[in-house]
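Here is a short briefing to read alongside the model. Have the viewer open and follow the topics in turn.

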Amino acid sequence: MAEPSTTTPSIHLCASGELRESAQAVPFDVKYYGQVCRGFAVRFQGEVHAYLNRCTHVPIELDYQPGRVFDASGQWLMCATHGASYWPKTGDCVGGPCRGGLVKIALSESAGEVRWHTSEKLKPIEISHE
Ligand code: FES
């Protein structure tokens with residue numbers, strides 16, 4: 001599977017320090033095929049990763065409490081509803097009732113900042129300036 005590109009336009013997501021190893025996810029909003037959806041970013045084995053927050057079993061968010069997407073071991077991303085498990089580095093399904101992997105969102109990290117990268121399918125939401 002091709003890795004998502006990090007050469008496309010990017011948008012500030014959070015400070016590097018907000019993503020701690022196998023800990024709380026940082027949520028952010030994206031437009032996925034024109035629909036506003038929640039994404040989340042985590043740090044795992046030192047690297048930052050982000051996915052659409054949409055289980056592949058039933059298209060609902062994974063969290064069992066806001067931002068809690070790791071299982072108790074901190075080794076797997078786990079859906080709270082029926083226990084589908086995903087490998088944090090790729091989003092691949094590794095157990096439970098998932099059908100395929102999570103939708104990966106490309107990230108880059110430099111100078112203490114994490115940014116997410118747009119793609120054909122993933123766009124920023126418009127900010128209202130009212
Ligand atoms: S909705 Fe995620 S495992 Fe069923």
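Is Tyr 33 buried or exposed, and how many C-beta neighbours does Tyr 33 have inside 10 Å? Tyr 33 counts as exposed because it has 9 C-beta neighbours inside 10 Å; the cut-offs are 20 or more other C-beta atoms within 10 Å of its own for buried, 12 or fewer for exposed, and in between for partly exposed, with C-beta atoms placed from the backbone. This is a predicted model, in which local features need pLDDT of at least 70, side-chain atom pairs count only at pLDDT 80 or more, and totals for chains, interfaces and linings use all residues. Residues are numbered from 1 along each chain as its sequence is written.

**The sheet of five strands**

- Strands here are DSSP runs of E with at least two residues, numbered from the N terminus, and two strands pair if DSSP finds at least two bridges between them.
- Strands of a sheet pair through backbone hydrogen bonds, either parallel or antiparallel.
- An open sheet of 5 strands follows the order β8-β4-β3-β2-β11, and its pairing is antiparallel.
- Its edge strands, β8 (104–105) and β11 (122–123), each pair on one side only.
- Between β2 (residues 26–32) and β3 (residues 35–44) there are 7 bridges in the antiparallel sense, and Asp 29 has Arg 38 in β3 as its bridge partner.
- β3 also pairs with β4 (residues 47–52), antiparallel over 6 bridges; here Phe 40 has Tyr 51 in β4 as its bridge partner.
- On the other side of the order, 2 bridges join β2 to β11 in an antiparallel pair, with Lys 31 opposite Lys 123 in β11.

**The sheet of three strands**

- A second open sheet has 3 strands in the order β5-β6-β7, again with antiparallel pairing.
- β5 (77–78) and β7 (93–95) are the edge strands, each pairing on one side only.
- Strand β6 (residues 85–86) is joined to β7 by 2 bridges, and Tyr 86 stands opposite Cys 93 in β7.

**Turns with a positive phi**

- Most residues other than glycine have a negative phi.
- Tyr 33 goes the other way, with a positive phi of about 50° in the turn of the β2–β3 hairpin, where 2 residues lie between the strands.
- The hairpin of β3 and β4 also has 2 residues between its strands, and Gln 45 takes a positive phi near 50° there.
- Ala 111 has a positive phi near 50° too, and it sits in the loop between β9 (107–110) and β10.
- Ala 111 counts as exposed because it has 5 C-beta neighbours inside 10 Å.

**The nonpolar core**

- The largest nonpolar core (buried Ala, Val, Leu, Ile, Met, Phe, Trp, Tyr and Cys residues joined through C-beta atoms within 7 Å) has 28 residues.
- Val 26, Phe 40, Ala 41, Val 69, Leu 77 and Ile 105 have the most contacts inside this core.
- At least two core residues come from each of β2, β3, β4, β5 and β10 (113–117).
- Leaving aside neighbours within four places in sequence, Val 69 is in contact (C-beta atoms, placed from the backbone, within 7 Å) with Ala 25, Phe 40, Val 42, Leu 62, Asp 63 and Leu 77.

**Around Arg 38**

- Arg 38, in strand β3, is partly exposed because 15 other C-beta atoms lie within 10 Å.
- Not counting residues up to four places away in sequence, Arg 38 touches Pro 27, Asp 29, Asn 53 and Glu 61.
- Arg 38 and Asn 53 are 15 residues apart in sequence, yet their C-alpha atoms are 5.5 Å apart in space.

Methods. Helices (H or I, at least four residues) and strands (E, at least two) are DSSP runs, numbered from the N terminus. Two residues are in contact if their C-beta atoms, placed from the backbone, lie within 7 Å.
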